[in-house]
Amino acid sequence: LEHATMRLIRLIGSFAKTGRLDDLLLISEDGVIDTNEKPLYDAIMRELHEIVTAALELDFASGGAKNG
């Protein structure tokens, strides 16, 4: 549980610290991902997938989502 939490926090912090949110907004604000933007967009999407995976690992480590 602790490892999953630390990994998720580290990944989110790194994403924010490197300005990926701003990069994603700049890329997507015109509704088009051009050939110059595509490599950065792909890198951002890989990072987001890693963050989502870490969040799911944390959920699993804590016993999963509880309904109710």
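In this predicted model, Lys38 is a residue of helix 3. Lys38 has a relative accessibility of 38% and therefore counts as partly exposed, the class between 20% and 50%. Its C-alpha atom is 8.7 Å from that of Ile27, although Lys38 and Ile27 are eleven residues apart in sequence. A similar description applies to Leu26, which is found in helix 2. The C-alpha atoms of Leu26 and Glu37 are 9.4 Å apart, and eleven residues separate the two in sequence. Leu26 counts as exposed because its relative accessibility is 54%, over the 50% limit.

**Helix 2 against helix 3**

Two packed helices are described by the angle between their axes and the distance between the axes. Helix 2 covers residues 20-28 and helix 3 covers residues 38-61. Their axes lie 10 Å apart, at an angle of about 130 degrees. That angle makes helix 2 oblique to helix 3. The crossing of helix 2 past helix 3 is left-handed. On the side of helix 2, the contact involves Arg20, Asp23, Leu24 and Ile27. On the side of helix 3, the contact involves Leu40, Tyr41, Ala43, Ile44, Glu47 and Leu48. By class, the residues of this contact comprise seven nonpolar and three charged, with no polar residue.

Arg20, which lies in helix 2, merits separate attention. Is Arg20 buried or exposed? With a relative accessible area of 16%, Arg20 is buried, because the value is under 20%. Leaving aside residues up to four places away in sequence, Arg20 touches Phe15, Leu40, Ala43, Ile44 and Glu47.

**Helix 1 against helix 3**

Helix 1 spans residues 2-17. The axes of helix 1 and helix 3 come within 9 Å and cross at roughly 155 degrees. An angle over 145 degrees counts as roughly antiparallel, and helix 1 and helix 3 are therefore described in that way. Their crossing is left-handed. From helix 1, the contact draws on Ala4, Thr5, Arg7, Leu8, Leu11, Ile12 and Phe15. From helix 3, the contact draws on Ile44, Glu47, Leu48, Glu50, Ile51, Ala54, Ala55, Glu57, Leu58 and Ala61. The residues of this contact divide into twelve nonpolar, one polar and four charged.

The two helix pairs are set out below.

| Helix pair | Angle between axes | Distance between axes |
|---|---|---|
| Helix 2 and helix 3 | about 130 degrees | 10 Å apart |
| Helix 1 and helix 3 | roughly 155 degrees | within 9 Å |

**Ala55 and the nonpolar core**

Ala55 belongs to helix 3 and is among the residues in the contact with helix 1. Its relative accessible area of 33% makes Ala55 partly exposed. Ala55 and Arg7 are 48 residues apart along the chain, and their C-alpha atoms are separated by 8.9 Å.

Which residues make up the largest nonpolar core? The seven residues of this core are Leu8, Leu11, Phe15, Ile27, Ile44, Ile51 and Ala54. Helix 1 and helix 3 are the elements that give two or more residues to it. Ile51, one of the core residues, touches Leu8, Leu11, Ile12 and Phe15 when residues up to four places away in sequence are not counted. Ile27 of helix 2 is a member of the core and also takes part in the contact of helix 2 with helix 3. Ile44 of helix 3 likewise belongs to the core, and Ile44 is among the residues touched by Arg20.

Methods. Residues numbered from 1 in each chain as written. Predicted model: local features only at pLDDT ≥ 70, side-chain atom pairs only at ≥ 80, totals over all residues. Heavy atoms only, no water. Axes fitted to C-alpha atoms, helices over the stretch in contact; angles between N-to-C directions. Helix = DSSP H or I, 4+ residues; strand = E, 2+ residues; numbered from the N terminus. Parallel < 35°, antiparallel > 145°, perpendicular 65-115°, else oblique. Left-handed = near helix turned anticlockwise from the far one by under 90°. Contact = heavy atoms within 4.5 Å. Nonpolar A, V, L, I, M, F, W, Y, C, P; charged D, E, K, R; others polar. Buried < 20%, exposed > 50% of the residue type's maximum accessible area, 1.4 Å probe, protein only. Core = buried A, V, L, I, M, F, W, Y, C linked by side-chain atoms within 4.5 Å.
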